[in-house]
Amino acid sequence: MKGAYAGDALRSMHALGVLELLIPEFHGIDALVIRDAYHRYTVDEHTFVLIDTLHGLESAQTGGMAEWATRFGGVLRELPHPELLYLAALLHDTGKGRSTGDHTRESARMAESVLERLNLDTYESGLVVNLIANHLEMSAALRRDIFDEETVRAFAGKMQTPEALRMLTLFTYADINAVHPDALTPWKAENLWRLFIATANYLDRSVDEERLGAQEESELVHRVVALLPGQKAAVLEYLEGFPERYVLTRTAEQVRTHFKMAMGFASDQVQLDFRYATTVSELTLVTRDRPQLFATMAGVLAAWGMNIVTADAFSNRQGVVVDTFRFTDSFRTLEMNASEHETFVKSVHDVMTGALSVEKLLSGRRRGRRKAPLVVVETRVEFDDEASSHSTLLEVVAQDTTGLLRALSLTLAAQGCNIEVALVDTEGETAIDVFYLTRSGVKLDKDEEEVLHEALLRAMEENAR
């Protein structure tokens, strides 16, 4: 379903009866008509149009909605598991073939049977089932005052994680468009985008509140423990102190990988997991916490000409850090030279172990003349002392420039700030970086915030030159 012509392929499979052989649950919506003046398509065709719309976002080809397709297309490219979105799209309305009255619940129930046959793990199945069960929630929220904080808070409570929010936002965009050709207006797209941004900001600001305890027995932890039989005590010790978001935004397999990396410190204190992709690659560092760690990683990626799309950093009670960077290869260095993959990872490892200076690596990269931005972004530095009971929240909104993240991280380190959680995002030419900070284990006071504010502005100004 991720292929460019998935909609047409599914239509052909449906016409030949092959789709129903593979997914019998789809038979109930074959040529099913929704008898109202709003729905233009039969239920099966609505599903195929929805999938076509999602693929259109990848190339931003949606006629007069091109501007919004570009924005939402950026969200699609940041999805860690886009195939799960397409699978949910295929199954989301299968319950309409049953006369239960609540097609979302029935569709979710029928999807569970399909997912069981596909042998998806608990985390992936949960994302698909929850998206199907909640696929009308964002449309419902759009009928409320989206500028009301209570509306956003209630909606965010149903999302829980940024990945779930992104999937539902994309689904809702495509679902509205697939009702009839004129259903998705620029006004609806704008409101959908505003609700997405407001909810994403709310989730970012509540990220530091819930932390995993030493004896956490939630479903989140059971998923990981089940993959590591006989190591429950060690897993619980590893997870202790991580924000709950760490587990919510990763698969059980990913957490297992990070746990094993942490268990390998005896042989190598710097553990790296590199996943290359032609669109967005991912590099995860697991190591012991130390000053300027995040800044150094950002510097290595900048030296290689990588454009950081998203990043996050978490640490547990034992001082183990898990930093994940998702980035695009601006100069196609890794795409055009497969042999460079190993060199790239080795250079990151050498810098993190101290065998190679990040300054030397950066000096070897010629700094070209900066292109004039298409959209000028006004710099904003804001502190929030109420969002977290543990940390001071710092939000920086600025022009996305090469080396920005490193400049910010170095400034934080120079001011004696410890990054408890970092959430880095890029929307077009806008960088939105959120840091949860402590100093000597406590929140920053007002004087410290004022000094840091000025230091960050100076650092961004110097980096932009």
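This is a short walk through some helix packing and aromatic pairs in one structure. Keep in mind that the model is predicted.

Okay, let's start with two helices. Generally, a packed pair is described by the angle between the axes and the distance between them. Here, α4 covers residues 66–77 and α10 covers residues 162–177, and they pack at about 145 degrees with axes 10 Å apart. Their crossing is left-handed. So who touches whom? On the α4 side we've got W68, A69, F72, V75 and L76, and they meet R166, T169, L170 and Y173 from α10. Sorted by type, the residues of that contact are seven nonpolar, one polar and one charged.

Some of those names come back when we look at rings: W68, F72 and Y173 join W193 and F196 in a cluster linked by ring pairs.

How many aromatic pairs are there in the whole structure? A search finds 14. Take Y238 and F242: their ring centres are 5.2 Å apart and the planes sit at 65 degrees, so we call this pair edge-to-face. Y238 also pairs with F259, again edge-to-face, at 5.8 Å centre to centre and 75 degrees between the planes. Y238 is in helix α13 and F259 is in helix α15, so this pair ties together parts 21 residues apart in sequence.

And are these rings buried or exposed? Y238 counts as buried at 4% relative accessibility, F242 is buried at 0%, and F259 is buried at 1%.

Last stop, helix α7, residues 122–133. Its 12 residues should span 16 Å at 1.5 Å a residue, and the end C-alpha atoms are indeed 16 Å apart. Buried residues in α7 include Y123, L127 and L131.

Note on methods:
Residues numbered from 1 in each chain as written. Predicted model: local features only at pLDDT ≥ 70, side-chain atom pairs only at ≥ 80, totals over all residues. Heavy atoms only, no water. Axes fitted to C-alpha atoms, helices over the stretch in contact; angles between N-to-C directions. Helix = DSSP H or I, 4+ residues; strand = E, 2+ residues; numbered from the N terminus. Left-handed = near helix turned anticlockwise from the far one by under 90°. Contact = heavy atoms within 4.5 Å. Nonpolar A, V, L, I, M, F, W, Y, C, P; charged D, E, K, R; others polar. Expected span 1.5 Å × (residues − 1). Buried < 20%, exposed > 50% of the residue type's maximum accessible area, 1.4 Å probe, protein only. Phe/Tyr/Trp six-rings, centres within 6.5 Å; stacked < 30°, edge-to-face > 60°.
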